[in-house]
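Me: I am new to this model and would like to learn how to read it, one feature after another. Could you take me through it slowly?

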Amino acid sequence: MNDTICAIATSVGNGAISIIRVSGDDAIEKVNSIFKGKDLTKVESHTINYGHIVDNDKVIDEVLVSVMKAPKTYTMEDVVEINTHGGIAPTNKVLQLLIKNGCRMAERGEFTKRAFLNGRIDLIEAEAVMDKINAQTDIQNELANNQLNGKVSSLINSLRDDMIQIISNINVNIDYPEYDDVDIITNEIMIPKINNLEEKITKILKESKNGKLIKDGIKTSIIGKPNVGKSSLLNELLEEDKAIVTEIAGTTRDIVEGQININGILLNIIDTAGIRETNDIVESIGVEKSIKMMEESDLVLFMLNNNEELTDDIKSLLNKLENKNYIIIINKTDLEDKLDLTNLNINKDYIVKTSIKNHQGIDELKNKIIDLFNIKEIETKDPTYLSNSRSIGLLEQCLNDVKDVKEGINNGETIDMIEIDIRNIWEKLGQINGTSYEDELLDEMFKRFCLGK
């Protein structure tokens with residue numbers, strides 16, 4: 001981190017402006033060496049300065065240069081941002097000049113990585129930076145804001161504080177058993193503390209399901225036989241002709257995807273190939289994909305034809321929905337009713353009748369989705385949750401470890417062994433917010449960032 005890095009911080013292409021960001025101990029001097037205007041080494045911090053970028057005597061572009069001196073910057077290093085005109089040629093030329101004058105091209109996410117390593121943000125806040133960039137809805141933006149301002153980090157810090165108190169009490173008991181004014185750590189004292197810790201972690205994990213829902217959306221598959229109206233439903237939900245609709249069975253042979261926003265939660269909808277036995281090799285691959293997609297989805301919209309009797313293969317698939325979030329859509333209600341669901345083990349509260357042809361039932365379907373995932377409740381709450389798979393996975397490990405500690409206490413393990421297990425949980429919590437970390441983890445995480453951030 002002793003070198004000075006640079007990168008284009010805006011989208012590459014034609015636009016009003018482009019921003020080239022430079023960070024490092026020599027950032028101001030290196031930009032000053034290609035800048036014609038005020039002496040940037042002598043200007044006040046957090047000022048914008050007019051001038052030109054030059055290559056020897058040749059003017060490359062008219063620019064505004066922002067100078068921000070450490071430590072009050074994003075990376076806590078000296079940072080300079082060059083605002084050029086938004087053409088590809090001048091932007092690239094300025095970048096080339098910086099590299100020619102000793103700057104190094106930044107790696108993906110390296111500015112944010114430096115902000116973390118220099119102590120400006122923790123790992124939860126660093127992940128939130130990318131969430132902020134990728135936010136597509138207001139509630140996703142609010143979730144990222146709460147992670148950026150430290151609200152989510154405080155949840156993890158509180159857990160670590162609880163644990164360090166337990167660890168400290170145990171260590172005092174082990175190292176200074178002769179002290180009369182120190183509480184002796186017994187099962188009667190330890191078990192309530194561990195139970196309290198387990199309850200807090202369980203609560204955070206439960207609420208973090210909402211965080212992941214907000215961030216990633218609901219993976220939704222539309223399942224059913226050919227010509228039941230799956231592609232028409234997708235088009236109706238998207239309000240565009242995304243999928244091809246014909247009377248020919250097997251028209252949809254591969255998945256077709258789209259996305260809609262329901263009260264701030266994204267539905268990532270996949271229209272699948274109609275499920276039936278077929279000798280067509282391409283169509284049969286599509287059918288296999290459909291069944292696999294049904295198993296992997298957060299929500300299954302299973303479509304049935306009101307004008308057809310149930311076949312054994314469809315009954316078999318419906319029985320597999322028992323442990324899934326699903327809504328049964330009975331389509332073509334404008335035709336004669338031949339469908340009998342009496343003997344099926346399905347939740348009748350999540351049946352919606354539609355006539356896609358006549359644009360009927362779509363609002364009821366959306367309301368069922370809102371009800372099934374408690375979207376109204378999520379919408380009205382302050383979204384202070386973990387939302388990244390890495391953090392949630394680590395916290396799930398911590399919960400399992402806490403349960404093991406409880407079992408160890410009940411089995412009469414020695415207090416020094418219990419202390420080792422509790423300390424391991426404390427360190428694992430530290431991996432969530434980056435108090436402890438491995439270099440490989442950082443490299444892998446920041447590779448997912450865009451250049452210039």
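Reply: Let us begin with one residue: Asp131 lies in helix α4, which covers residues 123–134. Helices here are DSSP runs of H or I with at least four residues, strands are runs of E with at least two, and both are numbered from the N terminus. The model is a predicted one, in which local features need pLDDT of at least 70 and side-chain atom pairs count only at pLDDT 80 or more, while totals for chains, interfaces and linings use all residues. Residues are numbered from 1 along each chain as its sequence is written, and side-chain values use heavy atoms, with hydrogens and water left out.

Me: Is Asp131 buried or exposed?

Reply: Buried means under 20% relative accessible area, exposed means over 50%, and partly exposed is in between, with a 1.4 Å probe and protein chains only. Asp131 has a relative accessible area of 12%, and therefore counts as buried.

Me: With which residues is Asp131 in contact, leaving aside its neighbours within four places in sequence?

Reply: Contact means heavy atoms within 4.5 Å. With those neighbours set aside, Asp131 is in contact with Ala144, Gln147, Lys215, Ser387 and Asn388. Two names in that list return in helix α5 (residues 138–148), where Ala144 and Gln147 are buried along with Ile139, Gln140, Leu143 and Asn146.

Me: Why do the buried residues of α5 line one face of the helix?

Reply: The arc is taken from the directions that run from the helix axis to the C-beta atoms. Seen down the axis of α5, the buried residues fall within an arc of 160 degrees, so they line one face of the helix. Just after α5, Gly150 takes a positive phi of about 90 degrees.

Me: Which residues other than glycine have a positive phi?

Reply: Asn56 is one of them, with a phi of about 60 degrees, and Asn263 is another, with a phi near 50 degrees. Asn56 is placed in the loop between β4 (47–55) and β5, and it counts as exposed because its relative accessibility is 68%. Asn263 lies in the loop between β9 (256–262) and β10 (265–271), where a relative accessibility of 30% makes it partly exposed.

Me: How should I read a nonpolar core, and which residues touch the most other members of the largest one?

Reply: In soluble globular proteins, nonpolar side chains tend to be buried together. A nonpolar core is a set of buried Ala, Val, Leu, Ile, Met, Phe, Trp, Tyr and Cys residues joined through side-chain atoms within 4.5 Å. In the largest core, which has 34 residues, Leu233, Ile327, Leu365 and Ile369 touch the most other members. Helix α11 (residues 362–372) gives the most to this core, with five residues. A second, separate core of 28 residues includes Ile167, Leu205, Leu395 and Ile422.

Me: With which residues is Ile369 in contact, beyond its neighbours within four places in sequence?

Reply: Ile369 is in contact with Ile262, Leu267, Leu299, Ile327 and Ile375, once those neighbours are left aside.

Me: Where does Pro71 lie, and what is the peptide bond before it?

Reply: Pro71 lies in the loop between β5 (58–68) and β6 (79–85), and the peptide bond that leads to it from Ala70 is cis, with omega near 5 degrees.

Me: How many helices and strands does the chain have?

Reply: The chain has 15 helices and 13 strands, and of its 453 residues 47% count as buried.
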